[in-house]
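Student: I've got a protein model open and I'd like to practise reading it. Can we go through it together?

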Amino acid sequence: MRIIPFLKMDGLGNDFAVIDERKQSFGLSNKDIVKMANRKTGVGFDQLIVIANPANPKEHAAAMKIYNADGSAAGACGNGTRCIGKVLLEETGLSSLKIEAPGERVLEVFAGKLITANMGKPNLDWKSIPLAENIDTLELPKIVAGLPRPVAVNVGNPHAVFFVSDLEKVDVEKQGALVEKHHLFPERTNVEFVEVKNPKHLRMKVWERGAGITKACGTGACASLVAAVRKGLAQNSAKVEMDGGELNITWSENGDILMTGAAHQSFAGNFFPDED
């Protein structure tokens, strides 16, 4: 019988199961991940984060792999990065360290009362989103009835950001699902609905690719701030308020996005994937 130890963590209610495979591989399959994600019969999570050995151990503390609740691989996870950062920073006692992320990206995290993650530079070219055709990413065509034209941003994963006048009137589940699988996004997309309270305060709701509605999304908050700055709606440093809490996002002068917020460990346990 396989026994898989895990940590249950969350960043602003965006929750994760964290598995450490640095010393032992557990041979996780897509079926295992979906089973573990079930909130009634499994552990329950928005994403699964696997800590792995880095390709460059001299410079990087660990590598991370990310899976959505439907078993699909994810390219990035901001809240998950802060959670893994918390684990590794406490384990090593360092004030900062680097983590190898999907897509050959290297992310740096910094210790403090809140955890800061440098999410790197956003990709704004249509090919890197990716989009199905050459379109200006600052103003995509109107793709869903009742919504304005979105802005496309890639922060290690694709995002479509809609700026709305009244966030409470948006049907996040219905419209988010339509946008996620729209033909313009060949790899599907995360979807953010944003109400600009003022240039330093954004209010956001999110539909995550492969997970659905979540209480918070770190990369979504980063993408929303970048999109708002590009549209002239926000300053380069602002608070992004979500259902699960707040993140402070800064799009720095060198192009890197800094994300600061809480990371919380709830409990540790064992999962038995082969139990019926």
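Student: Which strands do the buried residues of H3 pack against?

Tutor: First, a word on what you see: this is a predicted model, where local features need pLDDT of at least 70, side-chain atom pairs count only at pLDDT 80 or more, and totals for chains, interfaces and linings use all residues. Residues are numbered from 1 along each chain as its sequence is written, and side-chain values use heavy atoms, leaving out hydrogens and water. Helices (H or I, at least four residues) and strands (E, at least two) are DSSP runs, numbered from the N terminus. The buried residues of H3 pack against S10 (158-163), S11 (190-198), S12 (201-208) and S13 (212-214).

Student: Which residues of H3 are buried, and how wide is the arc they fall within?

Tutor: Buried means under 20% relative accessible area, exposed over 50%, and partly exposed in between (1.4 Å probe, protein chains only). In H3 (residues 172-180), the buried ones are Val-172, Gln-175, Gly-176, Val-179 and Glu-180. Look down the axis of H3 and take the directions from that axis to the C-beta atoms: the buried residues line one face of the helix, because they fall within an arc of 135°.

Student: Which exposed residues sit on the face of H3 turned away from the buried side?

Tutor: Turn H3 around to the face pointing away from its buried side. The exposed residues there are Glu-173 and Lys-174.

Student: Over to S8: which residue is the bridge partner of Phe-110 there?

Tutor: Two strands pair if DSSP finds at least two bridges between them. S7 (residues 105-110) and S8 pair in the antiparallel sense over three bridges, forming a hairpin with four residues between them. In S8 (residues 115-118), the partner of Phe-110 is Thr-116.

Student: Is Thr-116 buried or exposed, and which side chain does it join in a polar contact of 2.7 Å?

Tutor: Thr-116 has a relative accessible area of 17%, so it counts as buried. A polar contact is a pair of N or O atoms within 3.5 Å; within protein, one must be able to donate a hydrogen and the other to accept it, and residues adjacent in sequence count only if both atoms are side-chain atoms. At 2.7 Å, the side chain of Thr-116 makes one with that of Thr-260.

Student: Why does Cys-77 not bond to Cys-217?

Tutor: A disulfide is a pair of cysteine sulfur atoms within 2.5 Å, and this structure holds zero of them. The sulfur of Cys-217 is the closest cysteine sulfur to that of Cys-77, but it is too far for a bond because the distance is 6.9 Å.

Note on methods: Contact means heavy atoms within 4.5 Å.
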